[in-house]
Amino acid sequence: MMENEYGFSIHMAIGIVEILVAGPLVVRMLAMRRLRTPLVRRLSKWIAGNAWLAWLAGTGTMWFWHIPAVHHWAMGMSERHIWWMAVQQLLLLMGGILFSWPLLGPCRGLRMHPLAGIIYLATACISCSLMGLLITFAPPEVYPGVSPRDRETAGLIMWVPGCLIYLTGCLLLLRQWLHRQDRPRIVLPKI
Amino acid sequence: MISNTTPAPEQPIPGLGISSPQGLLQWISSVDHKQIGILYLWLSVLFLLLGGASILLVRTQLILPDNHFLAPEAYDQLFTMHGTTMIFFVVTPAIFGFSTYLVPLMIGANDMAFPRLNAFSFWITFFGGLLLYFSFLAGGAPDAGWFNYAPLNEYNYSSRPGIGYYCAGLLLGGTGTVSASINLIVTILYNRVPAMGLRRLPLFVWMVLINSFLVLASFPALNAALAMLLLDRQLHAHFFNMVGGGSSLLWQHLFWLFGHPEVYILILPVFGIYSEIFPVFSRRPIYGYGTLVGSGIAIALLAFGVWVHHMFATGLGNTVNGFFAASSLLIGVPTGIKIFNWLATMHGGSIRFTVPMLFAIAFLIEFTIGGLSGISFAIVPIDWQLTDTYYVVAHLHFVFIGGSLFGLLAGLFYWLPKISGRRPDDRLSRWFFWSFVIGFNLTFLIQHALGAMGMPRRVYTYPDLPGWAICNQLSTIGGYVMGASVILLVFIIVKCVRSGAPAGNDPWDANTLEWTTASPPPLRNFTSVIPVTSERAFRDFKRPEDAAGASVQRQMIRRSERNAAMMWLLIGTEAIFFLSLLMAYVYFGSNPGFTVTPSALLNWRSTGIFSVLLWASSFGYWRAEQRFRLKNTQLSQMWLRVTIGLALAFLAGQAKEYYHLVHEHHLTLSSGIFGTAFFTLTGFHGLHVLVGVLLMVLLLVRMNSKPAVLSPQVMRAVGIYWHFVDAVWVVIFSVVYVAPHVLKTAI
């Protein structure tokens with residue numbers, strides 16, 4: 001079903017870009033447009049209270065589509081129906097948007113504390129590395145029709161460059177936190 | 001700085017001398033973070049002498065080609081004990097000693113968040129070390145190297161009990177390290193003076209914070225691997241035994257999943273020590289506070305993306321090697337940033353070449369050499385050529401000694417006046433510095449050449465090839481110089497503690513809070529803390545004209561959340577432990593596959609029924625907690641009893657299932673790889689349920705006897721643990737029982 005020697009890896013690269021690059025960029029755009037309609041505000045508030053769900057949406061999306069059975073089924077679907085490709089990409093993008101919402105959402109006050117955000121990203125990175133590791137070292141029967149080199153490359157894309165994207169996110173959050181304006185100041189009396 | 005009128009230091013408590021029985025008891029029973037920190041440091045010195053003595057015997061064996069000073073078995077035991085001791089019982093306790101001693105002082109706290117847990121951490125590490133050394137008396141020390149590769153660590157290859165002691169000693173030491181890390185994180189987050197925002201944390205404290213998270217993320221992998229190895233050796237399980245369907249490569253994966261982060265665990269806090277020393281002795285503010293913190297975080301995260309580079313020679317394939325070669329080269333970036341930060345801090349400063357500063361400068365040179373040889377290993381063909389030669393030995397010693405140990409020595413000479421209240425003899429200290437640095441370079445610089453010439457490590461002797469004997473002789477002489485200087489170091493410390501010149505409170509004109517209190521600090525560290533205006537608060541206080549515009553901010557720190565925070569950290573590290581076991585299960589299920597069909601053996605319906613009981617118990621606990629908060633102790637106790645009952649019902653169900661599997665299907669831990677993986681995974685979960693039940697029984701007893709003392713925070717902490725245990729079962733149940741049933745194969 002996959003003639004292309006690097007079909008799986010290409011899917012993986014697209015998925016990673018969709019979740020970890022496109023999703024955050026969409027949310028960033030919404031934030032720059034200052035999109036703060038009551039609906040967005042309510043959504044942000046809900047997500048802020050349930051950040052673990054957003055975390056699960058991002059990491060769950062990654063895990064779900066690479067469960068062998070699901071992967072197999074999705075590949076078959078996209079061969080039969082061209083629209084399915086679009087649906088799958090949209091689902092990935094949605095996962096990415098939800099995942100980055102607590103960190104970059106349009107309502108500044110409802111964003112996660114940058115240091116909590118670092119933990120959020122670091123734990124997601126560990127989960128992503130685990131999945132990448134499982135794919136890399138999976139035996140050939142697990143993903144039928146995928147060449148070992150292709151499967152390894154796919155797993156490694158998730159594991160290593162994927163981890164670097166999370167790391168970049170962590171460093172950006174740290175920078176944001178270090179540059180944040182201090183809140184009310186009490187000027188010291190001269191000693 | 002120091003005048004003749006400096007008063008003699010006052011001991012915080014009279015009669016601390018260990019010659020009197022009262023003093024000894026005082027040390028053993030202490031929960032004071034300063035005393036425990038000092039105990040950690042002495043532990044480290046004790047094991048430094050033992051680990052050093054064992055390696056001097058090894059170097060003596062290598063002084064001549066074809067030497068028979070040591071038998072091969074003795075040689076194997078000695079180099080294994082040397083590596084294990086130095087990493088787990090010298091550098092680690094020294095790092096935790098400094099952390100335990102200094103963190104509360106640097107953040108203006110009077111003790112750690114959990115003082116008794118602190119004492120527990122030390123003593124369990126201490127007994128772990130004793131247990132490791134007890135192996136010599138019990139019939140032979142471990143002999144498979146500090147990373148203890150399978151299958152050499154298996155019973156068939158090493159039938160003496162040494163490796164069992166290795167497992168037990170490291171499990172105890174690891175438990176101490178994890179509990180100390182949890183304690184340090186909670187202390188840093190919740191015990192700071194309210195004016196010290198995280199952006200004003202001294203860099204040493206920042207590095208300890210990052211490092212403690214790294215410990216929590218990496219040690220569970222080692223603990224899981226050690227538990228598996230113990231099961232293999234004692235109960236004939238098959239985790240790392242190829243004949244029984246296990247995988248010896250799995251050991252390397254689990255070990256390096258821990259081991260590479262461990263390398264950074266041994267250096268990150270030391271980077272923090274350097275970041276304190278460079279500004280003080282250059283009389284300049286630290287250059288790039290933010291980048292130093294950021295590169296610390298980057299190093300911690302990258303640790304999990306590079307560990308496969310220890311396994312380039314295991315035949316994982318070019319694809320895998322290529323990715324990890326690239327990521328390993330990247331490690332040079334954050335480390336390089338730090339080096340340049342320190343250079344920039346020194347640049348233009350008025351440098352004082354004190355002993356701590358000498359060690360710090362020597363570090364810059366030696367660590368850069370070690371870093372560069374490390375980068376060369378990222379290139380796969382070079383790694384293939386040089387792996388398991390003396391080039392690796394040279395590299396790792398330049399990093400461990402030139403990086404970690406130099407920093408710890410710099411820290412020792414920097415803080416010894418604070419810890420003892422007295423100054424070490426300056427002339428002797430300089431002698432020590434020069435002899436140690438010269439001895440170190442003589443020993444290890446030449447080993448790069450030996451490695452390039454192809455001399456393999458861990459072989460008890462070598463043939464008389466051109467150049468090998470003279471290089472080894474120089475290296476051994478260097479080793480003796482280092483050994484002699486370590487004796488000098490011990491003499492310097494003892495002399496300083498006994499009769500050093502009084503140091504005064506602030507002998508270095510330093511920046512951080514620990515120098516504001518007396519030397520040695522009184523039992524209660526601070527009666528009042530100076531305003532914290534930046535990361536060098538004490539300097540701002542001494543020179544207000546330099547600190548124009550500095551301000552104090554008050555933070556909200558909710559100390560009541562400490563119990564819950566501790567429990568969250570604990571279950572975070574437990575989650576990784578279970579993930580390691582689960583990964584092993586999944587790995588064996590597919591690679592090369594179980595020889596039995598799990599869906600035929602396991603009945604997911606009957607297990608599902610008692611699983612529901614366990615999940616229902618989470619609801620019961622939630623009700624109990626709610627009732628307790630509403631001060632309805634009667635109902636709360638009722639719900640607790642219901643929860644305990646449900647948990648016991650689950651355990652009974654599991655026991656029945658085990659009985660069925662063992663008697664009907666003859667499935668045991670040793671019957672095959674499925675039994676091994678299944679019983680380990682579900683058994684460890686069952687143990688956690690049992691611990692949860694015990695905790696709840698304790699709560700019940702507490703509620704009966706003194707309900708007023710029991711705080712809702714403790715109830716909440718136990719609840720977090722209990723919900724976690726139930727959540728883990730959701731994952732195990734789906735992977736082990738439901739998935740094979742749905743997919744008709746093991747995952």
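Select helix α1 of chain A in this predicted model and colour its buried residues: A:F8, A:S9, A:H11, A:M12, A:G15, A:I16, A:E18, A:I19, A:L20, A:G23, A:P24 and A:V27. To see what covers these residues, add further helices of chain A, including α3 (51–66), α5 (82–104) and α7 (148–178).

Next, view α1(A) from the side. The helix runs over residues 7–32, and its 26 residues should span 38 Å at 1.5 Å a residue; the end C-alpha atoms are 36 Å apart, in agreement with that expectation. Centre the view on A:E18, where α1(A) has a kink of about 35 degrees; A:E18 is also one of the buried residues of the helix. Beyond α1(A), select A:R34, which has a positive phi, near 55 degrees.

Now move to chain B and select helices α12 (residues 355–378) and α15 (residues 426–452). Their axes come within 11 Å and cross at roughly 5 degrees, so α12(B) is roughly parallel to α15(B). Display the side chains of the contact: α12(B) contributes B:V355, B:L358, B:F359, B:A362 and B:S373, while α15(B) contributes B:S429, B:R430, B:F433, B:V437 and B:H448. Six of the residues in this contact are nonpolar, three are polar and one is charged.

Finally, select B:L581 in helix α18 (residues 562–593) of chain B. B:L581 is buried, because 21 other C-beta atoms lie within 10 Å and 20 or more suffice for that class. Leaving aside neighbours within four places in sequence, B:L581 is in contact with B:A224, B:T680, B:L681 and B:F684. As a last step, add B:H723, 142 residues from B:L581 along the chain; the C-alpha atoms of the two are separated by 19 Å.

Conventions: Residues are numbered from 1 along each chain as its sequence is written. Chains are lettered from A and ligands numbered from 1 in the order in which they are written. This is a predicted model: local features need pLDDT of at least 70, side-chain atom pairs count only at pLDDT 80 or more; totals for chains, interfaces and linings use all residues. Helices (H or I, at least four residues) and strands (E, at least two) are DSSP runs, numbered from the N terminus. The expected span of a helix is 1.5 Å times one less than its number of residues. The bend at a residue is the angle between axes fitted to the seven residues ending there and the seven starting there. A residue is buried if 20 or more other C-beta atoms lie within 10 Å of its own, exposed if 12 or fewer, and partly exposed in between; C-beta atoms are placed from the backbone. Two residues are in contact if their C-beta atoms, placed from the backbone, lie within 7 Å. Axes are lines fitted to C-alpha atoms, for helices over the stretch in contact, and angles run from 0 to 180 degrees between N-to-C directions. Angles under 35 degrees count as roughly parallel, over 145 as roughly antiparallel, 65 to 115 as roughly perpendicular and the rest as oblique. Ala, Val, Leu, Ile, Met, Phe, Trp, Tyr, Cys and Pro count as nonpolar, Asp, Glu, Lys and Arg as charged, and the others, Gly among them, as polar.
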